[in-house]
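Trainee: I have a model open and would like to talk it through with you, if you have a moment. Could we start with the cysteines and then move on to the empty space?

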Amino acid sequence: MTGYEALHEGAAWCELAGCGKIRVTGEDRARLLHAMTTNHIQQLEPGQGCYAFFLSAQGRILADANIFCRPDHFLLDTEPETPAKLFEHIDRYIIADDVTLEDLTGSLTTVAVEGPRAPAALEAMGGPALAAEYANAEWDGRVVARVSSTGQPGCFVFLPQQERDELVQQLEAVGVVAATADEFRTVRIENGHARYGEDIAERYIAQEANQPRALHFSKGCYLGQEIVERVRSRAQIHRILMPLIIDTDQPPAPGTKLQADGADRAEITSAAFSPRLGKVVALAYVRSEHAQPGSILHLGAARAEVAQPEVTAA
């Protein structure tokens with residue numbers, strides 16, 4: 001079974017090289033993160049977590065993170081493009097707060113275990129059963145979290161770099177298959193699962209990125225909230241990130257435009273050929289008037305259909 005097949009039918013692992021890990025400690029850690037993110041941090045209990053954006057004062061998305069509440073700290077899991085920027089951004093707002101940041105990116109690695117059988121495979125190894133999305137727990141000195149990079153059911157295991165080979169041996173002993181980064185990426189795009197650094201960037205505001213799980217509209221003030229609230233109250237949004245299915249076998253490059261009514265109406269951010277569909281799947285920012293599932297766009301002679309947005313796996 002290939003890694004791609006295992007992601008759809010079994011369980012596959014892949015090391016998410018370069019992903020950032022920031023440890024946040026101190027008595028004021030929840031208050032500070034609550035005031036700097038788009039989600040409700042202060043209500044999190046140890047073993048819970050959430051997904052959130054960090055915004056600029058102008059409402060632009062500086063970074064995203066999976067935020068895991070541990071008994072004595074928060075662990076921020078970020079994409080490879082953002083750990084240094086995010087560390088500096090948070091550090092800039094620590095004034096009189098009892099908050100300490102530690103960049104663990106160089107000492108911890110992330111092994112993703114994803115696919116329909118992934119949770120059962122980890123439990124077969126003695127790992128904790130994590131039913132709720134973003135639930136997290138310690139496991140033999142590692143931290144396991146119920147979160148996915150592809151949109152398939154899965155978990156991340158955060159562990160010291162030197163323990164990576166031992167974990168891989170344990171995973172493969174219970175039938176978890178190695179998958180490549182490209183296979184993970186293809187399944188991610190098939191599921192319409194956006195990634196900061198490809199589909200989300202600083203040029204976009206929160207609602208354009210179409211990640212409602214990142215936003216909490218009654219949590220109180222936070223950096224960039226004024227823009228988020230203005231967009232919500234006035235319903236003023238001109239483009240939105242949506243998945244597409246394109247009748248071609250050649251993935252278009254990021255930045256490629258799609259047309260409708262004789263004008264550019266969408267811009268590709270990521271694309272891949274889907275072996276299961278026999279077509280290209282993509283994510284693109286689509287003009288709002290064309291951003292409904294079933295809308296038809298065109299890429300030259302190829303037909304592109306707007307698909308349903310992702311339903312996040314738990």
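**Cysteines, spaces and strands**

Mentor: Cys-155 counts as buried because its relative accessible area is 4%, where buried means under 20%, exposed means over 50% and partly exposed is anything in between, using a 1.4 Å probe on protein chains only. Before we go on, note that this is a predicted model, in which local features need pLDDT of at least 70 and side-chain atom pairs count only at pLDDT 80 or more, while totals for chains, interfaces and linings use all residues. Residues are numbered from 1 along each chain as its sequence is written, and side-chain values use heavy atoms, with hydrogens and water left out.

Trainee: OK, and how many disulfides does the structure hold?

Mentor: The number is 0, taking a disulfide as a pair of cysteine sulfur atoms within 2.5 Å. For Cys-69, which is in no disulfide, the nearest cysteine sulfur belongs to Cys-50 and lies 9.5 Å away. With 5% relative accessibility, Cys-69 counts as buried. Cys-155 is in no disulfide either, and the nearest cysteine sulfur, that of Cys-14, is 15 Å from its own.

Trainee: Switching to empty space, how many cavities of 30 Å³ or more turn up?

Mentor: A search of the whole structure finds 1, and the largest cavity has a volume of about 40 Å³. On a 1 Å grid over the protein atoms alone, a cavity is a set of points where a 1.4 Å probe fits but cannot get out, a pocket is an open set with protein on both sides within 12 Å along at least five of seven lines, and lining residues have an atom within 4 Å of a point. Points are joined across faces, edges and corners, and a volume is the space filled by probe spheres set on them.

Trainee: Which residues line the largest cavity?

Mentor: Its lining is made of Pro-119, Leu-122, Glu-123, Pro-128, Leu-130, Arg-146 and Cys-155, so the buried cysteine we began with appears here again. Helix H4, residues 118-124, contributes the most, with 3 residues; helices (H or I, at least four residues) and strands (E, at least two) are DSSP runs numbered from the N terminus.

Trainee: And how much space lies in the largest pocket?

Mentor: The largest pocket holds about 590 Å³. It is lined by 38 residues, and those closest to its centre are Leu-16, Glu-79, Ser-149, Arg-188 and Arg-195. Two or more lining residues come from each of strand S1 (12-15), strand S4 (61-69), strand S5 (74-78), strand S10 (154-160) and helix H6 (181-190), and H6 gives the largest share, 4 residues.

Trainee: Is H6 mostly covered or mostly open?

Mentor: H6 is mostly covered, since 7 of its 10 residues are buried. These are Glu-183, Phe-184, Thr-186, Val-187, Arg-188, Ile-189 and Glu-190, and Arg-188 is also one of the residues closest to the pocket centre. After H6 comes Gly-192, with a positive phi near 65°.

Trainee: What about S9, which residues are buried on its two faces?

Mentor: Strand S9 (residues 142-145) is covered on both faces, with Arg-142 and Val-144 buried on one side and Val-143 and Ala-145 buried on the other. S9 runs antiparallel to strand S8 (residues 136-139), joined by 4 bridges, and it is also antiparallel to S10, joined by 3 bridges; strands pair if DSSP finds at least two bridges between them. Ala-145 takes part in both pairings, as the bridge partner of Asn-136 in S8 and of Phe-156 in S10.

Trainee: How many residues sit between S8 and S9 in the hairpin?

Mentor: There are 2 residues between the strands, and Asp-140 in that hairpin takes a positive phi near 50°.

Trainee: Where do Tyr-134 and Asp-261 lie?

Mentor: Tyr-134 is placed in the loop between H4 and S8 and has a positive phi near 70°, in a residue other than glycine. Asp-261, in the loop between strand S13 (257-260) and S14, likewise has a positive phi, near 55°. Tyr-134 counts as buried at 6% relative accessibility, whereas Asp-261, at 69%, counts as exposed.

Trainee: Last one: is Gln-43 buried or partly exposed?

Mentor: Gln-43 is partly exposed because its relative accessibility is 45%, and it lies in the loop between helix H2 (29-36) and strand S3 (49-55). Its C-alpha atom is 9.5 Å from that of Lys-219, although the two residues are 176 apart along the chain.
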